[in-house]
Amino acid sequence: MPHHLLGVPGSYPLVEALWLLPLAGAILCWAFGPQLRTLAGWLASALVGASFVLAALSWGAATQTAGAALGASQALGSWLPGFDFGLLLDPLSLIWTFIITGVGFLIVFYSIGYMEGDRAYARFFAYMSFFVFAMLTLVLSDNWVGLLVGWGLVGVASYFLIGFWFQRPSAVAAARKAFVINVVGDAGMMFAIFLIVANVHAIGFGDVFSAAGGLSSTLVFWICAALFIGAVAKSAQIPLHTWLPDAMEGPTPVSALIHAATMVTAGVYLVARSAPLWSHNPQAQVLVGTVGAITALTGAILGTAQWDIKRILAYSTMSQIGYMIMAVGVGAYEGGVALFFTHAFFKAQLFLGAGLVIHALNNEQDVRRMGGLWKKMPFAFWVMLTAVLAITGVPGFSGFFSKDEVIFGDLQFGHPVLFAISALTAGITAYYMFRLLFIAFFGEYRGDVDHAHAPGWTMNVPVAILVAPSVAIGAALLSGGENSPWARFFAAQFGPDMAAIAHRPPAISEGVTSGIVFALVLIGFAIAWWRYASPGAQRDAGERLEGETRGMPAVLVHLFYVDDAIQLLFVRPAQRLGAFFGSIFDPHVIDGAVRDVVFWARWLGTLVRSFQTGLVRAYALILVFGATCFIVYYAFAAGALH
Amino acid sequence: MALVPITILLPLVVGALLYALPRAPLDGVYPEPSRRARGDGWLARVIGVATAVATFAMLVAERDAQWSVRWLSRPFTAAFHFGATPVAFWIALLLALCTACAIATTRVARTRDFVALLLMLEGTMLGLFLARDLLVFALFWDLMLLPVFFGLLNWGEHPATAWRYFIYNFAGGLTLLLATAAFGVIYGSTDVIGRTGAPLVGAWAPWIFAGFAFAFLVKTPIWPLHTWMPPTYSGLPPPMVAVVSAVQSKAGLYGLLAIALPLLPNYVHQYALPLMVLAAVSLIYGAVVALVQNDAKRVVAYSSLSHLGLIVIAIASLNPLAIKGAIVYIVAHGLFSAALFMVLGYVEEREDTRSLLRLGGLGWKNPRLAGALCIAALAALGLPGLAGFVGELVILIGVYQAGYTWPVVVALIAIILASAYLIRLYQDVMNGPEVEDLPVRADLSWVEGLAVAPLLFALVALGVDPAPLLRL
């Protein structure tokens, strides 16, 4: 199926409205914050919710086909010939839109209670609404420049929200780091756009995909590689991942929405969206698949060594996105998108559940100072437990189906090494997730908060709603292999064209790989049980945790020294160079060379001082006189040249 | 048609009148001037804003009009010929807008004299950008230095800065005049801007190009001719530096676009590589120096060195798309650098310091001030959706299309550095814990807000729809 006709052209007011409603919410909350007060949260939730309803109503438009066209395409305007902008809602962007507006709605609604009493309450909802708008811009654009605009805007929304409590120096530093690293990604995407425009003379997905067959494979590789720099930065892949754990400085709903469910998966979207480029370029696939797998493993390893509940979840997010990137990299687009879809629910649930705990314990985030919480907060416990079962891939839960599809995809598309890495990662995932659960919720309480204050219904209800999809949506949509509802939904999107790459039947079946992975998950669970939940471990839990803190290998404490390496290789040299240029080269070398001129200037200064009578009118006269002299003089000088 | 010379003369005449008319005795010293002095300043500002707005209206009203009076017929023909070229039209609008915004928020000692100087600056620069004759262009080139010179001398931080500014730029003016005179003699006429004529060739042509190029590169500035610029920008009072960085720095770029490109294209082509190397050095040099400056205005000054290097790269690439992008970026840079300097001026007026080491945490008590600085900084670092991004993107697409890869990579590195130093600038002023010994002042006033709002609005509007600028 040719891809150059991406959507059925037409007028889709619903799509435009669902795109712009959150922007309206942002502007209203921003402009009328003081007047709206607590209404800001309800207004923002209502508009994001309305956007979700419109997305649901657009289902038919998004899945319509006409000839080779799939979905709805609407023109918005043009800068120049070739620079045409428009919206595109097809199955891929529809799935993202559902998560952005659906999970987005639940999280914005949850924030009504979570952010209660904050001094900048309305501003928070303005930023959240703006983020939803920016993210929709990203996934609804029908061209790479529009996508890059959304890409940059989600970056700045993320910056605002990480640094939301901007009186904390740590939040300010985290926001700065996230922003600058993301601009590195933007620069990569810009370079991809230069390559695209120089060779195709257009920015639209459709134009480029239809021309892709005629491009040399080296060129396509470089386009993919440059685009992938954007994905690496935005989706926290190695080595540009270090901003994500720091981003946990933002309020917890922000971590749930932006740094777990949606924005950080933009790299997955980018690769899936550009599938026609990747599908025919094995080198690009290996690059992306490898980076994804290494990220999945690294994130999981670092997740085992954290004590801050949100940082554990952040590394888990990094690891899970590594899985997704690996999947879309090797060509298992449906699997990668499925993991994005299910992950959005259970990771949002994990963060919101952690938010319930943090909120109740007066902003305590250190799991060492928790313990025994299942008695204090049974609701939060059940929320966390179901989400942990989902993320570790216990059969029946949603994560089982999506993770299976991803891991099996490695074999399906001929990458046994990646399969081994991802299966191992699944085991480590089980270990660090149950470690979190056991330390925080089992045993005796080790903190000093007497009365955990219960969150209100506005916080509990959204979390409860999330439990349903993270438990059941996998079984509902993903079971059934080739005939699952999911596969049929994406049949036209990632259909016959993408299958052009090697789709060899692997040596072992999906059932066997599921078994291997589940065995590793059980091992991870068992180690976590033995270390943190067995009666022996429970007895002196406090001391054991202290011992573990002291005995943590330096390489894990320093997070594999990635931050230090970036400082050493890039940040400090740039600062040193700047200091050298600014305080040595400028004043001494350049100005030294023109010192004679300055000397002359001083001499001229003494001469002119005699004219400085302080009368401004006299200056004006001298000015006009002098200018006339110059003109006359040079007019004659020109004559002499002749 | 008659409006064109009036557009130029009006600010000059009003400025001169503001100087010449009798004034209230200057009892009381800023910031606590006497009542009469304050009234005098208010009146001057109202008159000044009205004048600038009037020039804006006249520019819009007679967009394509021209006006000409014969000046010289020997040794070459020259005319007082004015009229906006498409590029000059936008720069002139930018100039009128920035002048109005700057005058609206002028708060310096001897306000009336300062407003008069700003109007003179507007008038001389309008003369420069509307000139269709090279000799007139060169004349106004020198004249526009004088208001800034006097601004630095009387309101600046150190008189040496004034002289440094003047000598550097006047040296450029000198080579410009020499080159213009030689050009006129060889070409027969200097009434050439905006006309399609044969390019200049011959033994003298490289020297003439060199004369133009020196003047333009000093004015922009480009490394290593930039050392007059940081002290000038940090020394000038905010309203004037807003106009100078926004518009006067574009005189050289406009010269390259409107004079060097059409009249001496062979030499731009021939010297493309050295031009690009110098511009690329400026890009990185300005950016890394901006990274470590502790004076807020110097951060923006060095960022200008970096950003304007990009435009020189665009022009040197001779690619039509890059040049379209350059025009967008000229306007965008004017808007965001004016906004940055104005808002940093507000900060300095409130806190009596512009040291990033001293400032901090202002955002809490001054959310509107923080918002204004934030939008300006984001536009400057090329946030997609704002005008600066459009300029950068289109320029670099064009430069890459023209076959230059390394300047594109250098520019992308500079873009990354820009995000680092502009975010640092914003955060060090507005974020972090509140500094205890800094005075707490009121948030952005209505006048201050209205003065900076048009600039920020234009950045958003042109970022969303740059088509009017791209389709020149």
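The exercises below, each with a worked solution, concern a predicted model with chains A and B.

Residues are numbered from 1 along each chain as its sequence is written, while chains are lettered from A and ligands numbered from 1 in the order in which they are written. Since this is a predicted model, local features need pLDDT of at least 70 and side-chain atom pairs count only at pLDDT 80 or more, whereas totals for chains, interfaces and linings use all residues.

**Exercise 1. Describe how α20(A) packs against α22(A).**

Step 1. Two packed helices are described by the angle between their axes and the distance between the axes. Helices here are DSSP runs (H or I, at least four residues), and strands are runs of E of at least two, numbered from the N terminus.

Step 2. Helix α20 (residues 398-412) and helix α22 (residues 457-477) of chain A have axes 6 Å apart, at an angle of about 50°. Axes are lines fitted to C-alpha atoms, for helices over the stretch in contact, and angles run from 0 to 180 degrees between N-to-C directions.

Step 3. This angle makes α20(A) oblique to α22(A), given that angles under 35 degrees count as roughly parallel, over 145 as roughly antiparallel, 65 to 115 as roughly perpendicular and the rest as oblique.

Step 4. On the α20(A) side, the contact (C-beta atoms, placed from the backbone, within 7 Å) is made by S398(A), G399(A), F400(A), F401(A) and S402(A). The residues of this contact divide into seven nonpolar, five polar and no charged, where Ala, Val, Leu, Ile, Met, Phe, Trp, Tyr, Cys and Pro count as nonpolar, Asp, Glu, Lys and Arg as charged, and the others, Gly among them, as polar.

**Exercise 2. Follow α28(A) from the loop that precedes it to its bend.**

Step 1. In the loop between α27 (554-557) and α28 of chain A lies L559(A), which has a positive phi of about 55° although it is not a glycine. Y561(A) is found in the loop between α27 and α28 of chain A as well, and its phi, near 60°, is also positive in a residue other than glycine.

Step 2. L559(A) is partly exposed, with 18 other C-beta atoms within 10 Å, but Y561(A) is exposed, with 12. A residue is buried if 20 or more other C-beta atoms, placed from the backbone, lie within 10 Å of its own, exposed if 12 or fewer, and partly exposed in between.

Step 3. Helix α28 (residues 562-593) then bends by about 55° at F585(A), and P587(A) follows within four residues; the bend is the angle between axes fitted to the seven residues ending there and the seven starting there.

Step 4. The buried residues of α28(A) are A574(A), G578(A), F581(A) and G582(A), and what covers them includes α13 (272-292) and α18 (406-430) of chain B.

**Exercise 3. Characterise the contact between the two chains.**

Step 1. Chain A gives 52 residues to the contact and chain B gives 56.

Step 2. Among the elements of chain A that give two or more residues are α7 (144-162), α8 (169-200) and α28, and the largest share, 14 residues, comes from α8(A).

Step 3. By class, this side of chain A has 38 nonpolar, 10 polar and four charged residues.

**Exercise 4. Decide whether L161(A) is buried or exposed, and name residues that it touches.**

Step 1. L161(A) lies in helix α7 of chain A and counts as buried, with 28 C-beta neighbours inside 10 Å.

Step 2. Leaving out residues up to four places away in sequence, L161(A) touches Y127(A), F131(A), G250(A), V254(A) and I258(A).
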